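Here is a walk through a protein model, from its symmetry to its charged pairs. Keep the sequence and the 3D view open as you read.

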There are 2 protein chains.
Amino acid sequence: VSGQPRRLALVIEYDGSPPLAGSQIQKNAPSIQGEIESALRKLTGERLRVAFAGRTDAGVHARGQVAAFTTISRLNTEVFVRGLNAWLPQSIAVRCAAEVDETFDPRRHASRRTYRYLIYNAPVASPLWRGRAWHVAEPLDTERMQRAARLLAGEHDFAAFSRREGVTTVRRVYRCQVRARPPLVTVEVEANAFLRQQVRRTVGALAQVGRGKLAVAGFRGLLQRAEPASAGPVAPPQGLYLMRVTYPGLDLGGRMR
Amino acid sequence: VSGQPRRLALVIEYDGSPPLAGSQIQKNAPSIQGEIESALRKLTGERLRVAFAGRTDAGVHARGQVAAFTTISRLNTEVFVRGLNAWLPQSIAVRCAAEVDETFDPRRHASRRTYRYLIYNAPVASPLWRGRAWHVAEPLDTERMQRAARLLAGEHDFAAFSRREGVTTVRRVYRCQVRARPPLVTVEVEANAFLRQQVRRTVGALAQVGRGKLAVAGFRGLLQRAEPASAGPVAPPQGLYLMRVTYPGLDLGGRMR
């Protein structure tokens, strides 16, 4: 059942907890990419390379990661969804598949990414949120956090929120919201693109604001001085979720929360 | 550090997934009760028996299970919380502890129990809700489910929603609500007490209503005929959460959602 090459995009959800060691293929550990490529090989018989919209570190989850590959299989997209899910481990699921332009590049063509970060803010850590949220025991002032978060909107040099990088560290943040739904505190941030660890360093700094250890003015200073990695502690990976990736003029579906 | 016997109540949260095999102590499998008694022994040096507000089956979770025991330890309640959490596996946590009357019986003195059941209603199962919700692929009509759920309020013979039992099967339901937060459907039910598997059988029948396989009138009939186990399929354990147990005139704390 083979034909002309065609390009397919997948919307993928995963629980990034161990044993998975992140999105990118690795020599000695299972990865999202490795599991998807392995399932594709079983389904189509082809050895395919899968490109991802963005890299996620070990422990980071996704509701709407996007991956793309070119296949000569003529299976329809519904069969790809069901067939891949039959081969994938239960920690990874393909939510939908769509045929896309043969030049589609999930990383370079993305116009926006949305991440969500969950903090479990209570004296005692929650067994039910273990591996799914960051436990912060000290009470967080979420109104202060929200005042700081609002400062991120717009085009800024986010060097303070990343490790030193050679390339430009300017990004455009469309929205950064802090919501309190006790005992959960949710930080949601949408940008054209993100530096490595940008969301985790942003949340780390916002938590310092929430604890009263960093003033909102000090947070603003991080955006103005833009000294690499000066934002301080990095929030741990297990609270982070890649929620969706947006492409101009393309609706991949699978957009529910 | 020992003194007069005193009785303590604990509010306990747990992820009931394997390897835990339910709340009650078992010969060859770890249980919530077994882990709590083992942690108490390490903390106090005493071999204590712990009584629970209600039994939960393997796979069922709790945000607010209540347990009680009598100790001669003079450690204060704060130290009990921190000390037990240091010894307990990460799947179990004591959220708070309170000194109670020496006659306190967590099962018999409870006036209300609240359970929540989570259904993940989408074509593809969710890796992030695996072990935490019941995956139902067919679309559910939640308005129909809510119409049926409302019929449960009041005092009824719930025999249809349990296995055959010798004792009375009459219970008082204070509230049964179905909420749609796509892709989640939440069923919350509060009653004076529950028959075994009553919530899971109620949700199983409500799902049949939501799928259009059981009319609301047929659901009402289950309450009127009261034939044992006639409500049909039992929803699986992993969607069920014991949220809280209420005692007249006693606030144990730990009441956040």
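The text below takes up the symmetry, then the interface, then selected residues.

This is a predicted model, in which local features need pLDDT of at least 70, side-chain atom pairs count only at pLDDT 80 or more, and totals for chains, interfaces and linings use all residues. Residues are numbered from 1 along each chain as its sequence is written, chains are lettered from A in the order in which they are written, and side-chain values use heavy atoms, without hydrogens and water.

Start with the symmetry. Chain B falls on chain A after a rotation of 180° with 0.0 Å of shift along the axis, at an RMSD of 0.0 Å (least squares on C-alpha atoms of residues with pLDDT of at least 70 in both). That is the relation of a two-fold axis. In chain B, the C-alpha of Trp129(B) is nearest the axis, 5.6 Å from it.

Now the interface. Contact (heavy atoms within 4.5 Å) joins 28 residues of chain B to 28 residues of chain A. The copies meet through the same surface, because 100% of the interface residues of chain B are also interface residues in chain A. The two chains bury about 2,100 Å² between them, 61% of it on carbon and sulfur atoms. Buried area here is the accessible area (1.4 Å probe) lost on being put together, summed over both parts. Pro127(B), Leu128(B) and Arg130(B) supply 32% of what chain B buries against chain A, more than any other three residues. Zero salt bridges are counted between the chains (a salt bridge is a Lys or Arg side-chain nitrogen within 4 Å of an Asp or Glu carboxyl oxygen).

Ser91(A) touches residues of both chains, among them Glu13(A), Leu20(A), Pro127(B) and Arg130(B). Ser91(A) is buried, at 13% relative accessible area. Buried means under 20%, exposed over 50%, and partly exposed in between (1.4 Å probe, protein chains only).

Salt bridges do occur in the structure: 30 over all chains. In one, Arg49(A) meets Glu37(A) at 3.2 Å, N to O. Arg49(A) is exposed at 59%, while Glu37(A) is buried at 9%. In another, the closest N and O atoms of Glu188(A) and Arg175(A) are 3.0 Å apart. Glu188(A) is buried at 5%; Arg175(A) is partly exposed at 22%. Both belong to a network of salt bridges that also includes Arg112(A), Arg179(A) and Arg244(A).

Terms used: Lists of a residue's contacts leave out its neighbours within four places in sequence.
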